[in-house]
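Work through the exercises below with the sequence and the 3D structure open. Try each task before reading its solution.

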Amino acid sequence: MVSKKYIEENWSIKDHGYLASKHISRDDYFMDIARVVWEKCTCDRGKCGCVIVKDHSVISSWFANAPEWSETCDMVGHQMFSMVNDKWEKEEHCMRNNCAEQNAIASAARKWIALEWATLYVTMTPCTIRHCAHMIVACGIKRVVCDKRYQHGQEAEEIFRSAWVELVYLDGETLKYN
Ligand SMILES: [Zn+2]
Ligand SMILES: [Zn+2]
């Protein structure tokens, strides 16, 4: 049996009121899993990994990928679209894939898993152009933990702030790509 002394020396009560090891925080633990998921991406533009957690257990995970059974960028190349952003600058996006967050949310939906009050771990700030931030709020997810900051992530940060969704960055380095 674990003694009270052992618990006091090795464990601490973290912000969210449950026991967490001093050696690795729960956020680091689940983000490590998201980083492994990230490696499975089939499109090298905007690689992203996502893990959804409820009651300290992983309930869904996925990576940026074409919908199941579809051809992937690794197989047939990117599906590039040119678009103009709200600053009238031209941007290029590969539109073959669902974002990691969308695939993880869809995977939970297939299994009738409710995401209300869940925590979503993602390797960079969710996007707004494909409505990931909006979907996360609509699912009732109440906490979003990101590793890196997406260069166009400010709009998502504002969506989470206004919806009372807690947003945390672990690394916080800004990722830039065209
Ligand atoms: Zn692609
Ligand atoms: Zn997205």
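**Overview**

Of the protein's 178 residues, 31% count as buried. The model is predicted. Its secondary structure comes to six helices and 10 strands. Among contacts between residues at least 6 apart in sequence, 58% join residues at least 24 apart.

**Exercise 1. The core**

Task: Find the residues with the most contacts inside the largest nonpolar core, and say which elements supply the core.

Solution.
1. Start with the size. The largest nonpolar core has 37 residues.
2. Pick out the residues with the most contacts inside this core: Cys48, Cys50, Tyr121 and Val122.
3. Now list the elements. Helices H2 (26-38), H4, H5 and H6 (154-162) each supply at least two residues of the core. So do strands E3, E4, E7 and E8 (143-150).
4. Rank them. H2 gives the most, with five residues.
5. Take Cys50 and set aside its neighbours within four places in sequence. Its contacts include Ala34, Val37, Trp62, Ala100, Ala104, Tyr121 and Val122. Ser61, Glu101 and Leu120 are also in contact with Cys50.

**Exercise 2. Helix H4**

Task: Identify the buried residues of H4 (residues 100-110), and the elements they pack against.

Solution.
1. Go along the helix. Ala100, Glu101, Gln102, Asn103, Ala104, Ile105 and Ala108 are buried.
2. Look across from them. The buried residues of H4 pack against three strands, E3 (49-54), E4 (57-63) and E7 (119-124), and against helix H5 (132-138).
3. Check what follows the helix. After H4 comes Trp112, with a positive phi near 60°.

**Exercise 3. The E3-E4 hairpin**

Task: Describe how E3 and E4 are paired.

Solution.
1. Set the direction. E3 and E4 run antiparallel, joined by six bridges.
2. Fix the register. Ile52 stands opposite Ser60 in E4.
3. Inspect the turn. Two residues lie between the strands of this hairpin, and Asp55 in the turn has a positive phi of about 50°.

**Exercise 4. Positive phi in two loops**

Task: Place His131 and Trp164 in their loops. Is each buried, partly exposed or exposed?

Solution.
1. His131 is in the loop between E7 and H5. Its phi is near 70°, a positive value in a residue other than glycine.
2. Count its neighbours. His131 has 15 C-beta neighbours inside 10 Å, so it counts as partly exposed.
3. Trp164 lies in the loop between H6 and strand E9 (166-169). Phi of Trp164 is positive, near 60°, and Trp164 is not glycine.
4. Count again. Trp164 has 8 C-beta neighbours inside 10 Å, so it counts as exposed.

Technical notes:
Residues are numbered from 1 along each chain as its sequence is written. Chains are lettered from A and ligands numbered from 1 in the order in which they are written. This is a predicted model: local features need pLDDT of at least 70, side-chain atom pairs count only at pLDDT 80 or more; totals for chains, interfaces and linings use all residues. A residue is buried if 20 or more other C-beta atoms lie within 10 Å of its own, exposed if 12 or fewer, and partly exposed in between; C-beta atoms are placed from the backbone. Helices (H or I, at least four residues) and strands (E, at least two) are DSSP runs, numbered from the N terminus. Two residues are in contact if their C-beta atoms, placed from the backbone, lie within 7 Å. A nonpolar core is a set of buried Ala, Val, Leu, Ile, Met, Phe, Trp, Tyr and Cys residues joined through C-beta atoms within 7 Å. Two strands pair if DSSP finds at least two bridges between them.
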